[in-house]
Structures are given as C-alpha cells and as structure tokens.
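Welcome! Please take a moment to look at the sequence and the 3D structure before reading on.

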Amino acid sequence: MNIESLDLNLFKVFEALYEEGSASRAALRLGITQSAASAALGRLRKIYGDPLFERTGRGLRPSRRAEELKPIVSEALDRCRQSLSLAQLDQAAFDGRSVVLGWSDDYEIALARKLINRVAQEYPGLRLIFRQIHSRIAAGMLMNRMVDLAVTSGSGHSAALSKELVGVNDYACVVDFVPTTPELTIDDYNTLQHILISSGGMVGIVDEALAELGLKRTVEAAATHFSAVPWLIKGSRSIVTLPSHAAHAMAEMFDLHLLRCPIELPEYSVELAWRADSLRDPAVAGVRNILRELLKVMCKP
C-alpha cells in the first residue's frame, strides 16, 4: 500500500466512526452523506483486512485492530491540526476545533460552566468535550488520545505524560433538612443514613475513618456519580460526604445545607495531566492554562 495512492480523508472518517460509534452521526460530524461514510468504511476494511467496526444494537463497536489504530490515527490527525493552527495564529484558527477534558463529575459540577465561559471568551469557536474518568484509567486515556487533559488525584507515571500538582482539597457534607445545631457531632453524623459516592464497592474513606474510631455508619444507597446527589437526598434526612468544591456548588445551586465533616478525613491532591507533546497545540495549551487557573482558585491555599 502506497500512501500516495491513499485518500487521507479516510482517516478522518475512521476517527469520526470510532468516536461517534455510528455511521450516521459520523456523517453528520463530517458534513457528508451516510452512504459516503459507509463507503469509506468499506475502503478502510479492504486496506486493513479487518472489519474495524461491528454492528451492535447500539451502533458500531470497534474491533481489536481498530483499538490499536485509533491512537496512531488520532496522533497523525492532531499533528495536521497543530500545523494548521501554527499557520493561522488568529482566533479563527480555533473555529470547529475540540479539546477533550477528562475528569470526574465533581469537578464538572464545580467548574464546567466557568471553564466554558472563559474558553468562549478567549478562544471563540473552540469546543469542549467532557469525559468521565477516574485516577486508575486517566493515564491510559491520555496515552490513547481519548482525552487531551485530565484532572485527577493521581494519573500514573509515564515519560510521555506531564502533570502538575495544582493544590489540595478536602471534604464537606450536604443535607436537605435543617440541622438543629450549626456543627454536627460524630454521634449525630453516625446515626444518619448515608449516601456513598464511589466508582465501585461499598466502602469509602469515611468508613475507614469511622473504623479507626470503632464506629460504623449505615449506607442506604451508593451511586457512581456526584451529579445524582441532590435528587438522592432531597426530601430526606440523609447525608452525603463529598469533595468540598462539589459540596459548595450543590449547596448553592439546590438550596442544600452545607456542613463541616465532623471526622478527620485526609486531604487529597488535585493534579492536572497532559501528554508531553500536546502543548504544541495552542488549543490544548490555552485550555490547560485556563483550567489550571480555575483549579488553583478552587483548591485550598
């Protein structure tokens, strides 16, 4: 296969099919017909001798070969996009561009709107894509170019990744009922029904801290996302302990009561990570700088 005889637009179709998971959505994204997207997929299958994508009830699922190709193809396309940005160092160069940010939804609740507003002001036309991640998968998603930036409490180590400790943060509690006293005692805290937010399992740092005191709380329900909290506690006498930046944002937005956590919980680091080569792209560099500034304001001094 000679690259001079290859239509390089096929790689754009491959990337769109992978990220959208649908030929119709990929066609809409690229401004082509669905039949053209399907025809391009047919040509790609012949080139690589692999189905690349398999139809499921919910769209297209990438094959193992497609998973291997995705970071290579996206890196090549990103280099082309970077070269165009260097050739057009004006704001119009960002029109239609996207930067993908991976973080958990506690950061999204606290900072997403502020980030959107700043990016719209400083880089008109640049789109933000938010993807849910956690610390255990952040490095892999960065390396596989599924995200451009990641906010975590630890993103792993790799020579190809750069990261910065932005600050530290702690925890707070929110409830929907009116507390009888401004400060919760440990006994009050432990007798309430608790909502646990965890990416997996039924034991969190609160349970570990209580165990050291010889205590055990009652968890009535567990969820994987912080965004569910207002609906899980509304109209109840339940309590949830969560990162303080999300607790403050939820209390303000949903008229909940913010309380200091009565037990000692360890502070956690807030890290911003990116691929070492990605800052050559002014779009990624610009979003990183804005995000770093917002995170520093959010974190404890």
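What follows is a short tour of the whole protein and then of one residue in it.

Keep in mind that this is a predicted model. The protein has 301 residues, and 45% of them are buried. Its secondary structure consists of 11 helices and 12 strands. Along the principal axes, the C-alpha atoms fill a box of roughly 75 × 45 × 35 Å. If you look at contacts with a separation of 6 or more, 74% of them come from residues 24 or more positions apart. On the outside, about 15800 Å² is exposed, and carbon and sulfur atoms supply 53% of that area. As for charge, you would count 34 positive and 36 negative side chains, with the centres of the two sets 7 Å apart.

Now let's zoom in on aspartate 50. You can find this residue in the loop that runs between helix H3 (34-48) and strand E1 (53-56). Leaving out residues up to four places away in sequence, aspartate 50 touches Arg45, Ser63 and Arg65.

Is aspartate 50 buried or exposed? Aspartate 50 is buried, yet has no salt bridge. A salt bridge needs the charged atoms within 4 Å, whereas arginine 65, the nearest side chain of opposite charge, is 5.5 Å away.

Its side chain does have polar partners, listed here:

| Partner of the aspartate 50 side chain | Distance |
|---|---|
| Backbone nitrogen of leucine 52 | 2.8 Å |
| Side chain of serine 63 | 2.7 Å |

Serine 63 thus appears twice in this story: aspartate 50 touches this residue, and a polar contact joins their side chains.

Technical notes: Residues numbered from 1 in each chain as written. Predicted model: local features only at pLDDT ≥ 70, side-chain atom pairs only at ≥ 80, totals over all residues. Heavy atoms only, no water. Helix = DSSP H or I, 4+ residues; strand = E, 2+ residues; numbered from the N terminus. Buried < 20%, exposed > 50% of the residue type's maximum accessible area, 1.4 Å probe, protein only. Lys, Arg positive; Asp, Glu negative; His and termini not counted. Polar contact = N/O pair within 3.5 Å; in protein donor to acceptor, adjacent residues only side chain to side chain. Contact = heavy atoms within 4.5 Å. Areas by Shrake-Rupley, 256 points an atom, 1.4 Å probe, with all protein chains shown as cover. Charge placed at Lys NZ, Arg CZ, Asp CG, Glu CD.
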